[in-house]
Amino acid sequence: MKISDLVGSAAGNAFRAKTRTLLTILAIFIGAFTLTLTNGLGTGINDYIDDTVTAIGASDVMTVVKPSEGSEGFGNSSGPVEYDPDTVASAQPGPPGQTVVALTPADLDSLAAIDGVRDVQASKAVRPDYIQAGTGPKYVVTVGGIVAGQQIQLAAGAEPDDSSTEPQVVLPTSYVEPLGFADAGAALGQTVSIAITDAERTAQVVEATIVGVAEESFASPEGASVLPNATLTDTLFDAQNTGLSAAEAQRYAQASVWFDPDATEQEVDALKGHLADAGYNGVTVDDQLGTFKSIIDGIVLVLNAFAVIALLAASFGIVNTLFMSVQERTREIGLMKAMGMGSGRVFGLFSLEATFIGFVGSAVGAALAMLAGTVISSMLADSFLADLPGLTLIAFDPLSIAAIILLVMTIAFLAGTLPAARAARADPVDSLRYE
């Protein structure tokens, strides 16, 4: 019997007992459906995180701090840290009150001299009091930062131009109407006032032109941040430090370090080592998002475990279905072996039946899961997830879908080996005598 004949015979024999086979396929379908959806959930969320990495910062930029004594820089400290007048509050996520040693111009020069560093730029933290359009209401606001390579999801207008000598700002969409603008387009070209209190407790007001309106997303979780160009940042920073000496004003919590965009993971790790040897800690955007992605992967793994349990339960259904098939076709097996079909061919026939059942259940389950996931994602994108543009909650990777189908077929094949082996061992004479 040719391989093609063997496959055709296996497919036909699989549905001899239609009800029993359909129930087995249904069990496989449930496991494959669940496994496909949970994998799609993980793929969708992780893809969204990867896509928004450039909105948080360029992939060739590392954020550097100088950890204070008793602190681990970006990590958690083991207890209260003794006060040091040279420290400043860290802008990075961490335990409350976490501090780092303030970076000075000398530190920036030291960073620039480290092997692998292409450029260094101090991160100037500004803390404005409010933003106002004309004589309208005043609203509390924070100022975000932009690094080279950052991509802003714009609702209207353009990104701020760092080469311009005029103060420019991009508003978040949530500030458009409260500031008195009809829509995002109407806000473009208008002037807003940003107030900031200096070291002498005097309020200073800086005017800036609105050049764009940005969508709020995972990349800007604070929501209320405006994005300035370099001129506006410098103006606000200078206004904030009015009354301070040059030494006091030039103190920075952190700095951005640029490295080769084509650097390998080993080269990036080597750069982190050089920074550590010099007394600094550096992290990339991928490092900062690593924990979050690990949590998502852990949740998906737990959900996948339930799907695999369903598939294992379905495998017992395959064993039962094929054992019954072997029992019912005992005389037929004897006849096939009497006509010259070897034990290997008999084993292959029943194994193919199991594999075919697994393929049908997994293919249908994966197809319907993809359809359901697409519909659910579309509905959520227009409702609960409308504030996260670009997020496809459940996305599907063709390679992952193929891997799921192959996994289910492998489980089905393994489940079918026991009854297939029993059929292969059957004695043709005894089988022909079976009633």
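Colleague: Into which class does aspartate 260 fall: buried, partly exposed or exposed?

Modeller: This is a predicted model, in which local features need pLDDT of at least 70 and side-chain atom pairs count only at pLDDT 80 or more, while totals for chains, interfaces and linings use all residues. Residues are numbered from 1 along each chain as its sequence is written, and side-chain values use heavy atoms, with hydrogens and water left out. Because its relative accessible area is 28%, and buried means under 20%, exposed over 50% and partly exposed in between (1.4 Å probe, protein chains only), aspartate 260 is partly exposed.

Colleague: How many residues apart in sequence are the parts that aspartate 260 and arginine 118 tie together?

Modeller: These two form a salt bridge (a side-chain nitrogen of Lys or Arg within 4 Å of a carboxyl oxygen of Asp or Glu), with their closest N and O atoms 3.7 Å apart. Aspartate 260 lies in the loop between strand E13 and helix H7, and arginine 118 in the loop between H3 and strand E4, so the parts tied together are separated in sequence by 142 residues.

Colleague: Is aspartate 107, the salt-bridge partner of lysine 66, buried or exposed?

Modeller: The closest N and O atoms of this pair are 3.4 Å apart, and it links strand E1 with helix H3 (helices and strands are DSSP runs of at least four and at least two residues, numbered from the N terminus). Lysine 66 is partly exposed at 25% relative accessibility, whereas aspartate 107, at 8%, counts as buried.

Colleague: Which residue meets aspartate 234 in a salt bridge?

Modeller: The N to O distance in this bridge is 2.8 Å. Aspartate 234 lies in helix H5 and its partner in the loop between E4 and strand E5, and that partner is lysine 124.
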